[in-house]
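Please find below my notes on the model, set out as numbered points. They begin with the ligand surroundings and then move through the sheet and the helices.

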Amino acid sequence: MTASSLFDLTGAVALVTGASSGLGRRFARVLAENGARVVLVARRKERLDKLSAEIEAAGGQALPIAADVVNRDEIARAFDAAQARFGPVTVLVNNAGVATPQSFLGMREETWRQTLDINLDAVVATAQEAARRMVASGGGAIVNIASILSFGVQKGNLAYAVSKAAVLQATRAMALELAPKGVRVNAIAPGYFSTEINADYLASPQGEAMSRAVPMGRFGQEGELDGALLLLASRAGSFITGATIVVDGGHMLAIAGR
Ligand SMILES: NC(=O)c1ccc[n+]([C@@H]2O[C@H](COP(=O)([O-])OP(=O)(O)OC[C@H]3O[C@@H](n4cnc5c(N)ncnc54)[C@H](OP(=O)(O)O)[C@@H]3O)[C@@H](O)[C@H]2O)c1
């Protein structure tokens with residue numbers, strides 16, 4: 001078996017939430033480059049249209065759909081539209097997420113609510129929508145995007161860390177119930193990658209200090225999550241479920257190593 005055939009996604013239909021920016025945009029591109037037809041979901045439709053055109057110009061197939069992940073009707077309609085165009089979704093990348101850093105004492109109720117709504121409630125609801133359809137249509141793979149803040153905490157990021165810790169437990173619970181039904185559920189826990197969610201912070205003096213604390217001495221670079229994604233989405237990962245792949249340059253080891 002060659003690596004290219006093991007990781008090939010020809011015939012897959014992959015729906016990526018948060019495809020308008022950052023990691024999600026990259027996930028959609030790499031899935032398309034490896035044969036999947038991709039469904040691009042986020043609120044900023046003009047960005048999805050642009051990405052869709054880029055993917056199609058490169059020989060892929062893409063469908064941009066404007067939807068807010070907290071709106072269950074919009075998400076159900078996105079799956080309907082995906083199915084009508086490409087057939088049943090076989091891969092879900094549950095990637096849409098937000099971070100609104102605030103100290104615990106100053107944290108606003110709306111920050112807590114919005115973070116949990118998008119990073120947790122919508123992840124579970126979108127996975128449920130996908131899983132019901134996958135079970136009915138013969139199986140699939142769900143990849144949830146967690147964080148190293150699923151494991152550790154950082155000052156000013158309580159709501160985000162709580163949401164991402166819960167995503168891991170949800171991943172395990174879904175995996176357990178869905179394993180006999182042909183649906184695998186796994187997570188990727190990235191360390192820091194510069195995107196719109198954190199670019200200002202990572203470029204600040206505190207961010208630069210943090211990069212020096214990463215054992216590899218830097219943050220992640222575009223493309224460094226491709227391997228984990230392809231493993232979990234393709235038949236290369238056919239016996240992997242309930243797992244979390246940490247991709248962080250050793251960041252989580254730093255506490256033990258210092
Ligand atoms: N970058 C990192 O260092 C890092 C590390 C660990 C984990 N992560 C996780 O990776 C994921 C992607 O983050 P990123 O770094 O790529 O950030 P980003 O560039 O800010 O992208 C976030 C994406 O989520 C979408 N989104 C947010 N709220 C949404 C909603 N209500 N409905 C639909 N889409 C929504 C945004 O699209 P619209 O605004 O167009 O809707 C955007 O496409 C997040 O779950 C994040 O927590 C990132």
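**Notes on the predicted model**

1. The shell around the ligand is made up of 12 nonpolar, 11 polar and 4 charged residues. This description, like everything below, rests on a predicted model. Of the 27 residues around the ligand, those that come nearest are G18, G22, R43, R44 and G97, and the element that gives the most to this shell is helix α2, with 3 residues.

2. The strands form an open sheet of 7 strands, with parallel pairing, in the order β3-β2-β1-β4-β5-β6-β7. Strands β3 and β7 (244–247) stand at the edges and have a single partner strand each, so that one side of each is left without a neighbour in the sheet. On average, and with direction ignored, neighbouring strands of this sheet are turned by 15° against each other.

3. Strand β1 (residues 13–17) pairs with β2 in the parallel sense over 5 bridges, and with β4, again in the parallel sense, over 3 bridges. On the β2 side, A14 has V38 as its bridge partner, while V13 stands opposite R37; on the β4 side, the bridge partner of L15 is L92. Because 5 of the 5 residues of β1 are buried, the strand is largely enclosed by the rest of the structure. Both of its faces are covered, with V13, L15 and T17 on one side and A14 and V16 on the other, all of them buried.

4. Strand β2 (residues 37–42) is likewise worth checking residue by residue: 6 of its 6 residues are buried, so the strand is largely enclosed by the rest of the structure. R37, V39 and V41 point one way from β2, whereas V38, L40 and A42 point the other way, and all are buried. The reader may wish to look at R37 in particular, as this residue is both buried and placed opposite V13 of β1.

5. From β2 the sheet continues to strand β3 (residues 62–66), which runs parallel to β2 and is joined to it by 5 bridges; A42 has A66 as its bridge partner there. Two crossovers belong to this part of the model. β1, helix α2 (residues 22–33) and β2 make a right-handed β-α-β unit, and β2, helix α3 (residues 45–57) and β3 make a right-handed unit of this kind as well.

6. At the C-terminal end of α2 one may look at E33, which is found in that helix. Why is E33 classed as partly exposed? The residue has 16 other C-beta atoms within 10 Å, and a residue counts as buried if the number is 20 or more and as exposed if it is 12 or fewer. E33 and L178 are 145 residues apart in sequence, and their C-alpha atoms are 28 Å apart in space.

7. Strand β4 (residues 91–94) pairs with strand β5 (residues 140–145) in the parallel sense over 4 bridges, and V93 finds its bridge partner in V143 of β5. Helix α5 (residues 109–137) packs on the sheet and touches β1, β4, β5 and β6 (183–190), its direction making about 170° with that of β5. Helix α6 also packs on the sheet, touching β5, β6 and β7, and its direction makes about 160° with that of β6.

8. β5 and β6 run parallel and are joined by 6 bridges, with I188 of β6 as the bridge partner of I145. The chain crosses from β5 through α6 to β6, and this β-α-β crossover is right-handed. As 8 of the 8 residues of β6 are buried, this strand is largely enclosed by the rest of the structure: V183, V185, A187 and A189 point one way, and R184, N186, I188 and P190 the other way. Towards the edge of the sheet, β6 pairs with β7 in the parallel sense over 4 bridges, and A189 stands opposite V246.

9. A last point concerns A165, which is found in helix α6 (residues 158–178). With 18 C-beta neighbours inside 10 Å, A165 counts as partly exposed. The C-alpha atoms of A165 and S150 are separated by 3.8 Å, although the two residues are 15 residues apart along the chain; I would ask that this pair be inspected in the model.

Technical notes
Residues numbered from 1 in each chain as written. Predicted model: local features only at pLDDT ≥ 70, side-chain atom pairs only at ≥ 80, totals over all residues. Pairing = 2+ DSSP bridges. Right-handed = clockwise from strand over helix to strand, strands pointing away. Near = placed C-beta within 6 Å. Nonpolar A, V, L, I, M, F, W, Y, C, P; charged D, E, K, R; others polar. Axes fitted to C-alpha atoms, helices over the stretch in contact; angles between N-to-C directions. Contact = placed C-beta atoms within 7 Å.
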